[in-house]
Amino acid sequence: MKTTKELLIVYSSMPKVFLKESVNVMLTPQFYTLKKETLPVKYAYQAKKIAPSLFDGLLEERESYEYMVFKEKDQWVFLAYNLRYIENFLSSKGIERSMVSKIFFAQQVVDKFLAPLALGEKEALVVLDDSVVVVPRAALGEEESPTLKFDKTFSPQKGVSLQGELGSFLTKKQAYAFMGVFLLFAVLFVAEGLRYNGVKSADEKLQALYEAHPALQSSYTREEVLNKYRNIDTQERKKREGVKKLSNLIFKGVTLTHLTLTENTYKANFTSVSADVSKKLEALAKKESLKVSKVKKSHDLIIEGAI
Amino acid sequence: MSWKQYQNEIIVLAALFLLLFSYMYKHNEVTSRSEHVKTVQNSIEELEEVVALKKIWADKKISKKIESLQTLVPSNKVKWQKKSKKLTVNYTDLDANELNKLTTKILNLPVSITLFEVKKSGSNYNVELKCKW
């Protein structure tokens, strides 16, 4: 992908700049440490894993370094850089972090430095033994005048994002880890939601009942029919319970002489052989919550209940 | 401030929003589904109750079953009057056993009893039954 942003070469003696829009920057070797190795690894991520050990003793231990690894012919090229230092330097030259889109390294485009590139009055960028280096301009021969024109065509494809790495509360690794966990749960929730959407057993049972009883599909009809039969059921059960209650009161010495069951009440006359039996009957009737009244000058009882 | 400066946080936030939306989706599905299931269950219960009640109280064979009240006791003791879906029947001179059998039968029939009267006459009983279905 071709970049459309301007490319700015950054070197230690550069003057202060004033930017109106964000730019890509290319760092000279003054801002990174270069090492080339022939390693038996196939992929850049494998090479990157061993990058810190390659620079043992070459870098300041107190500082934190990042690494860029790429292949150049048969060799792996390792670049170690300190983002904090680079950011501070850029800031001192008027280039704020927000104005830097991508950071490139001169070594990435070693093939493009076909001639020396002037870095101010005193220095120049040249290629020596396939490595881009900064040399004093005085060291250049007469036929090696710094004539190279530097522009955005020097932009390589792969760069480092300064904005994403510094000022961020989370590292890219942490961000991807969180994102992974969140997305996993999101997928699980969606899957569960879809599963609930698919539960149909109750619907199928209802449908089968509707097919068997098409007249009861309307809830109004259903309610009407239900109320009608519920009332009948309740009333008739109460009537039968009433008769059952009265029949439970018949025991030795008690005779039923009259029983009436109507829509609203049930009533019975009982004759007892003695006052004791009559008392026992009365107690039993009251236990069943029935209304008891005595017939004068006899042991007879009238027992009644409401439906 | 550039948004790019916080692109990692933005990625996490976007994923978090996605998580929240998917949770809300799941929650809505579960809620609406359980409400729907509840409604359907109610309808099923209602329907089953209607069917069960109709089976008892709107039994088409009840007219036939009623006839057994006529044959349960000797015919000379029965005065039978059946009109459409209404029955008036008088029993006379029933002994205690016949009364018990008759009462049990009447109470087990799915009919609406409008009057059930038992009168003791000497050692026997007279019964009047009015019912409809």
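Helix axes are taken here as lines fitted to C-alpha atoms over the stretch in contact, with angles running from 0 to 180 degrees between N-to-C directions. With that in hand, the predicted model of chains A and B can be read from the meeting of the two chains inward to the strands of chain A.

A good place to start is the pair formed by helix α6 of chain A (residues 201-212) and helix α1 of chain B (residues 7-57), whose axes come within 9 Å and cross at roughly 30°. Because angles under 35 degrees count as roughly parallel, α6(A) is roughly parallel to α1(B). The crossing of α6(A) past α1(B) is left-handed. On the side of α6(A), the contact involves A:A202, A:D203, A:K205, A:L206 and A:L209, and these face B:V37, B:V40, B:Q41, B:S43, B:I44 and B:L47 of α1(B). Sorted by class, this contact of α6(A) with α1(B) holds 7 nonpolar, 2 polar and 2 charged residues.

The helix α1(B) also meets α7(A): the axes of these two helices come within 9 Å, and they cross at roughly 50°. This angle makes α7(A) oblique to α1(B). Here, too, the crossing is left-handed. From α7(A), the contributing residues are A:R222, A:V225, A:L226, A:Y229, A:R230, A:I232 and A:D233, while α1(B) brings B:E46, B:L47, B:E49, B:V50, B:L53, B:K54 and B:W57. The class count for α7(A) with α1(B) comes to 8 nonpolar and 6 charged residues, with no polar ones. Readers following α1(B) along the structure will find B:L47 in the contact with α6(A) and again in the contact with α7(A).

Stepping back to the whole interface, 50 residues of chain A are in contact with 43 residues of chain B. On the chain A side, the elements that supply two or more residues are α4 (162-165), α5 (172-197), α6, α7 (219-248) and β10 (254-261). Of these, α5(A) gives the largest share, with 14 residues. The chain A residues that touch chain B divide into 25 nonpolar, 13 polar and 12 charged.

Strands join the two chains as well. β10(A) pairs with strand β3 of chain B (residues 112-121) in the antiparallel sense, over 4 bridges. Within this pairing, A:L261 stands opposite B:F116 of β3(B).

Chain A also has an open sheet of its own, made of 3 strands in the order β7-β8-β9 with antiparallel pairing. β7 (117-119) and β9 (131-136) stand at the edges with a single partner strand each, so one side of each has no neighbour in the sheet. On average, neighbouring strands of this sheet are turned by 35° against each other, direction ignored. Strand β8(A) (residues 123-128) pairs with β9(A) over 6 bridges, in the antiparallel sense. A:V126 has A:V133 of β9(A) as its bridge partner.

Further along chain A, strands β12 (residues 291-294) and β13 (residues 301-306) form an antiparallel pair over 4 bridges. A:K294 is matched by its bridge partner A:L301 in β13(A). The hairpin of β12(A) and β13(A) has 6 residues between the strands, and in this hairpin A:K297 takes a positive phi near 55°.

Methods: Residues are numbered from 1 along each chain as its sequence is written. Chains are lettered from A and ligands numbered from 1 in the order in which they are written. This is a predicted model: local features need pLDDT of at least 70, side-chain atom pairs count only at pLDDT 80 or more; totals for chains, interfaces and linings use all residues. Two strands pair if DSSP finds at least two bridges between them. Angles under 35 degrees count as roughly parallel, over 145 as roughly antiparallel, 65 to 115 as roughly perpendicular and the rest as oblique. A crossing is left-handed if the near helix is turned anticlockwise from the far one by less than a right angle, and right-handed if clockwise. Two residues are in contact if their C-beta atoms, placed from the backbone, lie within 7 Å. Ala, Val, Leu, Ile, Met, Phe, Trp, Tyr, Cys and Pro count as nonpolar, Asp, Glu, Lys and Arg as charged, and the others, Gly among them, as polar.
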